[in-house]
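Here is a colleague's note to read beside the structure. Keep the model open and find each residue as it comes up.

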Amino acid sequence: MTSKEMTFVQHLVELRNILLHSVIAILIIFIGIFPFANEVYGFIAAPIINVLPEDTNIIAIGVISPFLTPLKMALIIAVYAAMPYLLYQIWSFVAPALYKHEKQMILPLVVSSTILFYTGLLFSFYVVFPVIFGFLSSVGPNIVDFTPDIQYYLDFVLKVSFAFGVAFEVPIATILLIMFGITTVEKLKSNRPYVIIGAFVLGMLLTPPDIISQTLIAIPMWLLFEAGLIFAPLFKQNKQETPDEPSPNPGKNSSEKEAASDNDDWSDDEMEAEMEKIDAEMEKLDKE
């Protein structure tokens with residue numbers, strides 16, 4: 001990290017490199033997972049297989065679904081597995097623009113957000129899915145066989161698991177709002193009833209229309225919000241003001257400050273000269 005200010009083109013080049021490295025990381029993981037895609041899909045399908053009648057499996061309606069669905073699943077899992085590296089790439093791109101004390105706070109937040117995201121995925125798979133599929137398999141008419149399609153099942157699992165992964169980021173969002181002064185702990189505490197209602201509304205939108213799954217996502221979101229309120233003061237930024245240097249002549253120091261304040265206003269000639277300087281630098285950059 002150099003202290004030299006980077007140009008706009010250099011920022012674009014760095015962003016391109018970060019995106020390229022991220023795509024390569026995902027592809028490497030995907031290549032490692034794809035040969036075992038069918039076995040991995042069997043593991044992902046375990047929550048619904050356990051509630052189906054004996055000797056019954058999920059079906060494939062589309063002709064190429066048995067091939068494309070495991071392929072899609074392997075790609076999504078590769079993205080999930082590469083999440084720590086992706087967050088690190090984002091961190092490396094943003095870090096030069098942060099102060100030293102901000103870097104010290106952001107790194108723990110990146111690590112904790114990764115852990116919370118994976119915790120949400122595991123919670124949805126081992127707690128939520130067995131409850132949801134057990135409920136859905138028991139509410140249909142007796143004349144209807146509950147045999148979900150392989151593609152629809154994967155889409156449902158990805159949607160709900162990702163929703164839980166994002167929902168478990170509530171403490172990070174709470175801490176960031178307080179850390180950057182957008183709100184305060186006291187305001188959030190006073191708005192706690194609205195937060196609880198919002199958690200249940202979000203649970204209603206992200207899960208099937210049953211009270212069990214809505215509650216399973218709303219209660220963890222509320223508890224994680226409370227956890228964010230508890231840990232937010234530890235990450236709260238303290239604005240550090242640099243004290244003025246003592247002056248032997250206070251009156252003179254005051255007059256110098258007024259003169260400096262007057263000099264802050266640029267004249268038209270100075271502004272025009274500065275704009276010409278910027279244009280010259282842009283032309284030089286284009287030639288390079």
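**Notes on the predicted model**

1. **A nonpolar patch.** Start at the surface. Phe34, Val63, Ile64, Phe67 and Leu68 form a nonpolar patch there. Together these residues have about 520 Å² of accessible area. One of them, Phe67, lies in helix H4, which covers residues 65–81. Keep H4 in mind, as this helix returns below in the points on salt bridges and confidence.

2. **What kind of model this is.** The model is predicted. The mean pLDDT of the chain is 77. Of the residues in the chain, 77% reach 70 or more. Which element has the highest mean pLDDT, and which the lowest? H4 has the highest, at 90. Helix H12, residues 250–263, has the lowest, at 45.

3. **Where to be careful.** Over residues 238–264 the pLDDT is below 50. Beyond near neighbours in sequence, this stretch has two contacts in the model. Where pLDDT is low, predicted coordinates should not be read in detail.

4. **Overall make-up.** The chain has 13 helices and zero strands. Read from the N terminus on, the elements are α throughout. The chain holds 288 residues, and buried residues make up 32% of them. The chain exposes about 19200 Å². Carbon and sulfur atoms supply 65% of that area.

5. **Contacts across the sequence.** Take the contacts between residues at least 6 apart in sequence. Of these, 82% join residues at least 24 apart. The points below give some individual pairs and contacts.

6. **First salt bridge.** How many salt bridges are there? The count comes to two. In one, the side chains of Asp155 and Lys72 meet, at 2.7 Å from N to O. Asp155 lies in helix H7 (residues 150–167) and Lys72 in helix H4, so the pair ties together parts that are 83 residues apart in sequence. Asp155 is partly exposed, with a relative accessible area of 31%. Lys72 is also partly exposed, at 34%.

7. **Second salt bridge.** The side chains of Arg192 and Glu226 meet in a salt bridge, with 2.5 Å from N to O. Why does this pair tie together parts that are apart in sequence? Arg192 lies in helix H10 (residues 192–206), while Glu226 lies in helix H11 (residues 211–235), so the parts tied together are 34 residues apart in sequence. Arg192 is partly exposed, with a relative accessible area of 25%. Glu226 has a relative accessible area of 19%. Buried means under 20%, so Glu226 counts as buried.

8. **The two sides of H2.** Helix H2 covers residues 37–44. Which of its residues are buried? They are Ala37, Tyr41 and Ile44. Seen down the axis of H2, these buried residues fall within an arc of 55 degrees, so they line one face of the helix. On the other side of H2, Asn38 and Glu39 are exposed.

9. **Ile59 in a loop.** Ile59 sits in the loop between helix H3 (46–49) and H4. Ile59 is partly exposed, with a relative accessible area of 38%. Leave aside neighbours within four places in sequence. Ile59 is then in contact with Thr147, Pro148, Asp149 and Ile150. Now look at Tyr152, which is 93 residues from Ile59 along the chain. The C-alpha atoms of Ile59 and Tyr152 are separated by 10.0 Å.

10. **Gln89 in H5.** Gln89 lies in helix H5, residues 83–94. Is Gln89 buried or exposed? Gln89 counts as buried, at 6% relative accessibility. Apart from neighbours within four places in sequence, Gln89 is in contact with Ile18, His21 and Ser22.

11. **Phe200 in H10.** Phe200 is found in helix H10. At 33% relative accessibility, Phe200 counts as partly exposed. Outside its neighbours within four places in sequence, Phe200 is in contact with Thr215 and Ala218. Phe200 and Trp222 are 22 residues apart in sequence. In space they are 9.0 Å apart, C-alpha to C-alpha.

Conventions: Residues are numbered from 1 along each chain as its sequence is written. This is a predicted model: local features need pLDDT of at least 70, side-chain atom pairs count only at pLDDT 80 or more; totals for chains, interfaces and linings use all residues. Side-chain values use heavy atoms; hydrogens and water are left out. Patches are made of residues with over 30% relative accessible area and no salt bridge: like charges are joined within 9 Å, nonpolar side chains (Val, Leu, Ile, Met, Phe, Trp, Tyr) within 5 Å. Accessible areas come from the Shrake-Rupley method with a 1.4 Å probe; for residues, only the protein chains shown count as cover. A salt bridge is a side-chain nitrogen of Lys or Arg within 4 Å of a carboxyl oxygen of Asp or Glu. Helices (H or I, at least four residues) and strands (E, at least two) are DSSP runs, numbered from the N terminus. Buried means under 20% relative accessible area, exposed over 50%, partly exposed in between (1.4 Å probe, protein chains only). pLDDT is the predictor's confidence in each residue, from 0 to 100. Contact means heavy atoms within 4.5 Å. The arc is that of the directions from the helix axis to the C-beta atoms.
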